[in-house]
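Grab a coffee and work through a few exercises on the model below. Try each task yourself before reading the solution.

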There are 2 protein chains.
Amino acid sequence: MYGRIAPGEALTLRGIGKEFDVSMTPAREAVRRLVAEGALFLSNSGRVSTPELTSERLEELAALRALLEVELASRALPRAHMALIDRLTAINGNVADAVSRRDAVGYIQSNLEFHRTLYLRAQAPAMLAMAETVWLQLGPTMRALYGRLRKTEPPHYHRLIIAALRAGDEPGLRLAVRSDVTQGLRLLAR
Amino acid sequence: MYGRIAPGEALTLRGIGKEFDVSMTPAREAVRRLVAEGALFLSNSGRVSTPELTSERLEELAALRALLEVELASRALPRAHMALIDRLTAINGNVADAVSRRDAVGYIQSNLEFHRTLYLRAQAPAMLAMAETVWLQLGPTMRALYGRLRKTEPPHYHRLIIAALRAGDEPGLRLAVRSDVTQGLRLLAR
DNA sequence: ATTGCGGAAATGTGATCACATTTGATCAAT
DNA sequence: ATTGATCAAATGTGATCACATTTCCGCAAT
């Protein structure tokens, strides 16, 4: 999810088991779960690797993020009080730090923490779980995408999201979330 | 997915293994996958059962269906030619048959086949997979819901969907799909 | 009749094993 | 230098086992 593994990287059950000091059995179960969620790709011969997403698949996953996260933000809006907005602002500072440090994993992690913190307020666990499933599928590719970013831009749309929350502006919030979520993809789609 | 298992019904690894003539290992992997997809519930002690959905969870899953399936239908619309519409009409006949036979499983199965056939045209596999994940979570409960239906109603909204496809009417299609998908829930929400 | 308790049966977990398949490297032939 | 074949190493699969927990039933006490 956080892009620690590159797209297409292969994993083995015995390797995972050794890494976490368990036998093949728990490693197999974890892998099976991640395959079910689309986070790992299972080849015809049973080998597992992180997925290498086609641009069509990327477009789809971005559309899913937009659909799900706009709805989650909408549902969170009426419950978003000052404490939440303060917390989001603080997390946003971590995002900016990670960007200035050019720390890809840290950027992805704090960026997703920003979104998750907001969406938790929506009180919609099934919906949030689906959004996280999408994040899981995008993880390795997002990291690769970040490498292509030249400029160290601060999280512009996050500011818009926070402003819309403050103002109780639902249309503005929906637009800001949609923009934030599809922004990164535009760079890769080309 | 098709409501063959009642909500809250318990499953055991050894039981599944015996049923399909395999050992515990493949049964465990299948169960793990289904748990990851939310189709099965894993208790704190590791026992598995089909989920018993709260009404809040039901509302969420219905909202997810609406979000995902309206988008899928929209994407399928420009690619929906006469052959597809004919096929949908035929499947719709099966739905009506199942309703008149009061065959709950047959109804759910052919109903979902109707939707899947349409959405396959959207060429959006990740999105379709998410929709099917939701269906999987709703399966047992949908069956229980069907039991509460007194009247043997023909699939009204399916006709609207087909009409909108014929007319190339996107707003109409979106509304019809949304109505069809949330219709059943309204009965249970009360 | 209800509650509490004891113990046997059932269940999930993690480990290990044998086996079939796949992978990948080495070496020979062209 | 490139291709093809060969073979050893690596890998996933399904089965089985021992063990710790949990579940559940029956019985007794109140």
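**Exercise 1: The surface near DNA strand D**

α2(A) gives the most to the surface near DNA strand D, with three residues. Here, near means that a residue has a heavy atom within 4 Å of the strand, and helices (H or I, at least four residues) and strands (E, at least two) are DSSP runs, numbered from the N terminus.

Before going on, a word on the ground rules: this is a predicted model, in which local features need pLDDT of at least 70, side-chain atom pairs count only at pLDDT 80 or more, and totals for chains, interfaces and linings use all residues. Residues are numbered from 1 along each chain as its sequence is written, chains are lettered from A and ligands numbered from 1 in the order in which they are written, and side-chain values use heavy atoms, with hydrogens and water left out.

*Task.* Work out which residues are closest to DNA strand D, and which polar contacts they make.

*Solution.*

Step 1. Start with the neighbours: 15 residues surround DNA strand D, and the closest are L13(A), R14(A), M24(A), S23(B) and T25(B).

Step 2. Sort them by class. The surface divides into five nonpolar, five polar and five charged residues. For the sorting, Ala, Val, Leu, Ile, Met, Phe, Trp, Tyr, Cys and Pro count as nonpolar, Asp, Glu, Lys and Arg as charged, and the others, Gly among them, as polar.

Step 3. Look for polar contacts, meaning pairs of N or O atoms within 3.5 Å (within protein, one must be able to donate a hydrogen and the other to accept it, and residues adjacent in sequence count only if both atoms are side-chain atoms). R14(A) puts a polar side-chain atom 2.9 Å from a base nitrogen of DNA strand D. With R47(A), a polar side-chain atom is 3.4 Å from a sugar or linking oxygen of the strand. S23(B) uses a backbone N or O atom, 2.5 Å from a phosphate oxygen.

Step 4. Place the surface on the fold. The elements that give two or more residues are α1 (13-20) and α2 (24-36) of chain A, together with α2 (24-36) of chain B.

Step 5. Check the DNA side: of the atoms of DNA strand D within 4 Å of the protein, 62% belong to sugar or phosphate and the rest to bases.

**Exercise 2: Over to DNA strand C**

*Task.* Find which element gives the most to the surface near DNA strand C.

*Solution.*

Step 1. List the neighbours: DNA strand C is surrounded by 15 residues, the closest being S23(A), T25(A), L13(B), R14(B) and M24(B). Sugar and phosphate make up 62% of the strand C atoms that come within 4 Å of the protein.

Step 2. Go through some polar contacts. A backbone N or O atom of S23(A) is 2.5 Å from a phosphate oxygen of DNA strand C. S45(A) has a polar side-chain atom 3.3 Å from a phosphate oxygen of this strand. On chain B, a side-chain N or O atom of R28(B) lies 3.2 Å from a base nitrogen.

Step 3. Two or more residues each come from α2 of chain A and from α1 (13-20) and α2 of chain B. The winner is α2(B), with three residues.

Step 4. Go back to S45(A): this serine lies in the loop between β2 (41-42) and β3 (48-49) of chain A. S45(A) is exposed, since its relative accessible area is 56%; buried means under 20%, exposed over 50% and partly exposed in between (1.4 Å probe, protein chains only).

**Exercise 3: A glutamate in chain B**

*Task.* Is E69(B) buried or exposed? Which side chain does it join in a polar contact?

*Solution.*

Step 1. Locate E69(B) in helix α3 (residues 55-76) of chain B.

Step 2. E69(B) counts as buried because its relative accessibility is 1%.

Step 3. The side chains of E69(B) and Y119(B) are joined by a polar contact of 2.6 Å.

Step 4. Beyond neighbours within four places in sequence, E69(B) has contacts (heavy atoms within 4.5 Å) with residues including H115(B), A131(B), W135(B) and V181(B).

**Exercise 4: Chain A as a whole**

*Task.* What are the helix and strand counts of chain A, and how much of the chain is buried?

*Solution.*

Step 1. Chain A has eight helices and three strands, in the order β-α-α-β-β-α-α-α-α-α-α from the N terminus.

Step 2. Buried residues account for 48% of its 190 residues.
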